[in-house]
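Me: I'd like to learn how to read a protein model step by step. Could you walk me through one?

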Amino acid sequence: KPPQETGTFKSSDLVELKRLDPTIQLDIRYATSNNFAGRPVYSEAQAFLQRPAAEALARVNKELEPLGYRLLIFDGYRPWSVTKVFWDITPKAKREFVANPKKGSRHNRGCAVDLSLWDIAAAKEVQMTGEYDEMSPRSYANYAGGTPAQRALRDLLRSKMEQNGFTVLEAEWWHFDFQGWKSYRIQNVPFNKI
Ligand SMILES: C[C@@H](N)C(=O)N[C@H](C)C(=O)O
Ligand SMILES: [Zn+2]
(Lines give C-alpha, C1' and ligand atoms only; values in the text may rest on other atoms or scores of the structure.)
(Ligands and ions follow the chains in the order given, each with its own letter.)
Protein backbone atom coordinates (compact mmCIF):
# COMPACT_ATOMS: atom_id res chain seq x y z
CA LYS A 1 0.00 0.00 0.00
CA PRO A 2 1.24 3.59 -0.71
CA PRO A 3 2.41 5.51 2.39
CA GLN A 4 -0.32 7.42 4.25
CA GLU A 5 0.40 11.15 4.03
CA THR A 6 -1.12 13.73 6.35
CA GLY A 7 -1.36 17.48 5.79
CA THR A 8 -2.69 19.64 3.01
CA PHE A 9 -1.78 19.10 -0.63
CA LYS A 10 -2.46 20.80 -3.94
CA SER A 11 -5.01 19.03 -6.09
CA SER A 12 -3.52 16.94 -8.85
CA ASP A 13 -3.57 18.42 -12.37
CA LEU A 14 -1.63 15.92 -14.44
CA VAL A 15 -1.07 17.07 -18.02
CA GLU A 16 -0.08 14.83 -20.91
CA LEU A 17 3.21 16.25 -22.21
CA LYS A 18 2.59 15.44 -25.87
CA ARG A 19 -0.73 17.36 -25.76
CA LEU A 20 0.91 20.41 -24.24
CA ASP A 21 3.81 20.42 -26.71
CA PRO A 22 3.63 17.96 -29.63
CA THR A 23 7.29 18.63 -30.51
CA ILE A 24 8.49 16.95 -27.30
CA GLN A 25 9.81 13.48 -28.21
CA LEU A 26 8.76 10.36 -26.27
CA ASP A 27 10.53 7.06 -25.69
CA ILE A 28 8.44 5.48 -22.94
CA ARG A 29 10.62 2.46 -22.34
CA TYR A 30 8.56 1.33 -19.36
CA ALA A 31 5.75 0.58 -21.84
CA THR A 32 8.13 -1.79 -23.68
CA SER A 33 10.51 -4.61 -22.74
CA ASN A 34 13.49 -2.30 -23.33
CA ASN A 35 13.91 -1.34 -19.68
CA PHE A 36 15.64 -2.70 -16.58
CA ALA A 37 12.55 -4.72 -15.59
CA GLY A 38 12.79 -6.53 -18.96
CA ARG A 39 9.00 -6.35 -19.43
CA PRO A 40 6.39 -3.61 -19.90
CA VAL A 41 5.23 -2.04 -16.62
CA TYR A 42 2.92 0.48 -18.33
CA SER A 43 0.13 -0.38 -20.75
CA GLU A 44 0.19 3.08 -22.40
CA ALA A 45 3.22 4.87 -23.86
CA GLN A 46 2.33 8.25 -22.35
CA ALA A 47 3.98 10.80 -20.07
CA PHE A 48 2.24 13.14 -17.59
CA LEU A 49 3.43 15.83 -15.17
CA GLN A 50 1.69 18.26 -12.84
CA ARG A 51 0.79 21.36 -14.87
CA PRO A 52 3.45 23.81 -13.55
CA ALA A 53 6.16 21.18 -14.15
CA ALA A 54 4.79 20.35 -17.60
CA GLU A 55 4.71 24.04 -18.57
CA ALA A 56 8.29 24.53 -17.35
CA LEU A 57 9.37 21.50 -19.38
CA ALA A 58 7.73 22.94 -22.51
CA ARG A 59 9.77 26.12 -21.92
CA VAL A 60 12.99 24.07 -21.75
CA ASN A 61 12.01 22.37 -25.02
CA LYS A 62 11.49 25.76 -26.70
CA GLU A 63 14.83 27.08 -25.44
CA LEU A 64 16.65 24.02 -26.84
CA GLU A 65 15.20 24.30 -30.35
CA PRO A 66 17.54 27.10 -31.58
CA LEU A 67 20.46 24.98 -30.33
CA GLY A 68 19.32 22.04 -32.48
CA TYR A 69 17.82 19.87 -29.73
CA ARG A 70 14.48 18.81 -28.32
CA LEU A 71 13.61 16.97 -25.12
CA LEU A 72 13.31 13.19 -25.23
CA ILE A 73 11.10 11.94 -22.40
CA PHE A 74 11.53 8.50 -20.86
CA ASP A 75 9.10 8.91 -17.94
CA GLY A 76 7.05 11.40 -15.93
CA TYR A 77 4.28 10.59 -13.43
CA ARG A 78 4.72 6.99 -12.26
CA PRO A 79 2.06 5.12 -10.25
CA TRP A 80 3.32 4.05 -6.80
CA SER A 81 2.81 0.34 -7.60
CA VAL A 82 5.49 0.64 -10.33
CA THR A 83 7.94 2.20 -7.85
CA LYS A 84 7.28 -0.84 -5.62
CA VAL A 85 8.02 -3.22 -8.53
CA PHE A 86 11.29 -1.38 -9.30
CA TRP A 87 12.41 -1.57 -5.66
CA ASP A 88 11.55 -5.26 -5.36
CA ILE A 89 13.44 -6.31 -8.52
CA THR A 90 16.56 -4.18 -7.83
CA PRO A 91 19.46 -5.82 -5.98
CA LYS A 92 20.16 -4.12 -2.60
CA ALA A 93 23.57 -2.89 -3.80
CA LYS A 94 21.93 -0.95 -6.66
CA ARG A 95 19.06 0.66 -4.77
CA GLU A 96 20.58 4.15 -4.98
CA PHE A 97 19.01 4.13 -8.48
CA VAL A 98 15.40 3.47 -7.37
CA ALA A 99 13.13 5.18 -4.83
CA ASN A 100 12.09 3.39 -1.66
CA PRO A 101 8.32 2.77 -1.88
CA LYS A 102 8.04 3.39 1.88
CA LYS A 103 8.79 7.04 1.11
CA GLY A 104 7.51 7.07 -2.46
CA SER A 105 9.17 8.60 -5.51
CA ARG A 106 8.82 12.17 -6.71
CA HIS A 107 7.57 10.53 -9.92
CA ASN A 108 4.57 9.29 -7.86
CA ARG A 109 3.71 12.96 -7.21
CA GLY A 110 3.87 13.87 -10.89
CA CYS A 111 6.84 16.13 -10.19
CA ALA A 112 9.82 14.15 -11.55
CA VAL A 113 10.86 13.50 -15.11
CA ASP A 114 13.42 11.18 -16.72
CA LEU A 115 14.71 12.60 -19.98
CA SER A 116 17.53 13.18 -22.44
CA LEU A 117 18.19 15.30 -25.52
CA TRP A 118 17.00 14.61 -29.08
CA ASP A 119 19.24 15.79 -31.92
CA ILE A 120 16.86 17.39 -34.45
CA ALA A 121 19.19 17.25 -37.50
CA ALA A 122 20.27 13.66 -36.85
CA ALA A 123 16.72 12.65 -35.79
CA LYS A 124 18.04 10.56 -32.92
CA GLU A 125 18.82 10.53 -29.23
CA VAL A 126 22.17 12.07 -28.30
CA GLN A 127 24.89 10.04 -26.60
CA MET A 128 25.25 10.93 -22.94
CA THR A 129 27.96 9.75 -20.51
CA GLY A 130 25.92 6.61 -19.79
CA GLU A 131 22.67 4.93 -20.77
CA TYR A 132 19.26 5.66 -19.27
CA ASP A 133 18.71 3.57 -16.11
CA GLU A 134 22.25 2.22 -16.24
CA MET A 135 23.04 1.25 -12.64
CA SER A 136 26.69 2.33 -12.60
CA PRO A 137 28.78 5.42 -11.70
CA ARG A 138 28.47 6.53 -15.34
CA SER A 139 24.97 7.65 -14.34
CA TYR A 140 26.15 10.14 -11.73
CA ALA A 141 25.37 13.72 -12.68
CA ASN A 142 28.98 14.69 -11.95
CA TYR A 143 30.65 11.62 -13.52
CA ALA A 144 33.95 12.87 -14.95
CA GLY A 145 34.33 10.14 -17.60
CA GLY A 146 32.88 9.83 -21.07
CA THR A 147 33.88 12.15 -23.90
CA PRO A 148 33.94 15.96 -23.65
CA ALA A 149 31.02 16.04 -26.14
CA GLN A 150 28.95 13.67 -23.97
CA ARG A 151 29.65 15.69 -20.83
CA ALA A 152 28.81 18.93 -22.64
CA LEU A 153 25.39 17.57 -23.70
CA ARG A 154 24.68 16.22 -20.21
CA ASP A 155 25.61 19.62 -18.72
CA LEU A 156 23.53 21.50 -21.33
CA LEU A 157 20.46 19.47 -20.34
CA ARG A 158 21.15 20.10 -16.67
CA SER A 159 21.67 23.85 -17.02
CA LYS A 160 18.47 24.35 -19.08
CA MET A 161 16.48 22.28 -16.59
CA GLU A 162 17.92 24.14 -13.59
CA GLN A 163 17.12 27.50 -15.19
CA ASN A 164 13.48 26.38 -15.34
CA GLY A 165 12.93 25.14 -11.78
CA PHE A 166 14.23 21.57 -11.88
CA THR A 167 16.98 19.92 -9.79
CA VAL A 168 19.04 16.99 -10.98
CA LEU A 169 19.30 13.80 -8.91
CA GLU A 170 23.01 13.39 -8.15
CA ALA A 171 22.92 9.63 -8.91
CA GLU A 172 21.11 9.99 -12.28
CA TRP A 173 21.93 12.52 -15.00
CA TRP A 174 18.46 11.93 -16.55
CA HIS A 175 16.26 12.43 -13.44
CA PHE A 176 14.98 15.90 -12.47
CA ASP A 177 12.63 16.97 -9.67
CA PHE A 178 10.44 20.05 -10.02
CA GLN A 179 10.37 22.74 -7.32
CA GLY A 180 7.44 22.40 -4.92
CA TRP A 181 7.13 18.61 -5.37
CA LYS A 182 6.30 18.27 -1.66
CA SER A 183 2.96 20.02 -2.26
CA TYR A 184 1.59 17.10 -4.30
CA ARG A 185 0.44 13.76 -2.95
CA ILE A 186 1.83 10.34 -3.81
CA GLN A 187 -0.62 8.74 -6.26
CA ASN A 188 -1.26 5.25 -7.53
CA VAL A 189 -3.63 6.08 -10.38
CA PRO A 190 -3.02 4.20 -13.67
CA PHE A 191 -2.57 6.27 -16.84
CA ASN A 192 -5.98 5.28 -18.22
CA LYS A 193 -7.71 6.77 -15.12
CA ILE A 194 -6.01 10.19 -15.31
C1 LIG B 1 14.14 4.12 -11.86
C2 LIG B 1 14.74 5.45 -12.23
N3 LIG B 1 14.40 5.78 -13.57
C4 LIG B 1 14.25 6.52 -11.27
O5 LIG B 1 13.36 7.25 -11.58
N6 LIG B 1 14.88 6.56 -10.07
C7 LIG B 1 14.47 7.48 -9.03
C8 LIG B 1 15.39 7.41 -7.85
C9 LIG B 1 13.04 7.18 -8.59
O10 LIG B 1 12.65 6.00 -8.61
O11 LIG B 1 12.38 8.12 -8.14
ZN1 LIG C 1 13.44 9.33 -12.42
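**Reading loops, a strand and a pocket**

Reply: Sure! Ala-123 sits in the loop between S5 and strand S6 (124-125). Keep in mind that this is a predicted model.

Me: What is the phi of Ala-123, and is Ala-123 buried, partly exposed or exposed?

Reply: For phi, look at the sign and at the residue type. Here phi is about 55°, a positive value, although Ala-123 is not a glycine. For exposure, look at the relative accessibility: between 20% and 50% we say partly exposed. Ala-123 has 48%, so it counts as partly exposed.

Me: Which residue in the loop between S6 and helix H4 (148-163) can I read in that way?

Reply: Try Asp-133, which is found in that loop. Its phi is positive too, near 65°, and Asp-133 is a residue other than glycine. Now use the cut-off for buried, which is under 20%. With 14% relative accessibility, Asp-133 counts as buried.

Me: Ser-139 lies in the loop between S6 and H4 as well. Why does Ser-139 count as buried?

Reply: Because its relative accessibility is 0%. You can then list what surrounds the residue, leaving out those up to four places away in sequence. Ser-139 touches Phe-97, Glu-131, Glu-134, Ala-171, Glu-172, Trp-173 and Trp-174. One of these also gives a polar pair: a polar atom of the Ser-139 side chain lies 2.5 Å from the backbone oxygen of Glu-134.

Me: How far is the C-alpha atom of Ser-139 from that of Ala-56?

Reply: The two C-alpha atoms are separated by 24 Å, and the residues are 83 apart along the chain.

Me: Let's move on to strands. Which strands pair with S8, and in which sense?

Reply: To read a pairing, find the bridges and check the direction. Strand S7 (residues 166-169) pairs with S8 in the antiparallel sense over four bridges. In that pairing, Phe-166 stands opposite Phe-178, and Leu-169 has Glu-172 as its bridge partner. A hairpin of two residues joins S7 to S8. S5 and S8 run antiparallel as well, joined by three bridges; there, Ala-112 stands opposite Asp-177.

Me: Why is S8 said to be largely enclosed by the rest of the structure?

Reply: Count its buried residues. Seven of the seven residues of S8 are buried, so the strand is largely enclosed.

Me: How much space lies in the largest pocket, and which residues lie nearest its centre?

Reply: With a pocket, start with the volume, then go to the lining. The largest pocket holds about 320 Å³ of space. Its lining has 21 residues, and nearest the centre are Val-98, Ala-99, Ser-105, Leu-169 and His-175. By class, eight lining residues are nonpolar, four are polar and nine are charged. S8 (residues 172-178) shows up again here: it gives three residues, the largest share of the lining.

Me: Let's finish with Ser-105. Where is Ser-105 found, and what is it in contact with?

Reply: Ser-105 is found in the loop between helix H3 (80-89) and strand S5 (112-119). Leaving aside neighbours within four places in sequence, Ser-105 is in contact with Arg-78, Thr-83 and Ala-99. A polar atom of its side chain lies 2.9 Å from the backbone nitrogen of His-107.

Me: Is Ser-105 buried or exposed?

Reply: Use the cut-off once more. Ser-105 has a relative accessible area of 5%, so this residue is buried.

Key:
Residues are numbered from 1 along each chain as its sequence is written. Chains are lettered from A and ligands numbered from 1 in the order in which they are written. This is a predicted model: local features need pLDDT of at least 70, side-chain atom pairs count only at pLDDT 80 or more; totals for chains, interfaces and linings use all residues. Side-chain values use heavy atoms; hydrogens and water are left out. On a 1 Å grid over the protein atoms alone, a cavity is a set of points where a 1.4 Å probe fits but cannot get out, and a pocket is an open set with protein on both sides within 12 Å along at least five of seven lines; lining residues have an atom within 4 Å of a point. Grid points are joined across faces, edges and corners, and a volume is the space filled by probe spheres set on the points. Ala, Val, Leu, Ile, Met, Phe, Trp, Tyr, Cys and Pro count as nonpolar, Asp, Glu, Lys and Arg as charged, and the others, Gly among them, as polar. Buried means under 20% relative accessible area, exposed over 50%, partly exposed in between (1.4 Å probe, protein chains only). A polar contact is a pair of N or O atoms within 3.5 Å; within protein, one must be able to donate a hydrogen and the other to accept it, and residues adjacent in sequence count only if both atoms are side-chain atoms. Contact means heavy atoms within 4.5 Å. Two strands pair if DSSP finds at least two bridges between them.
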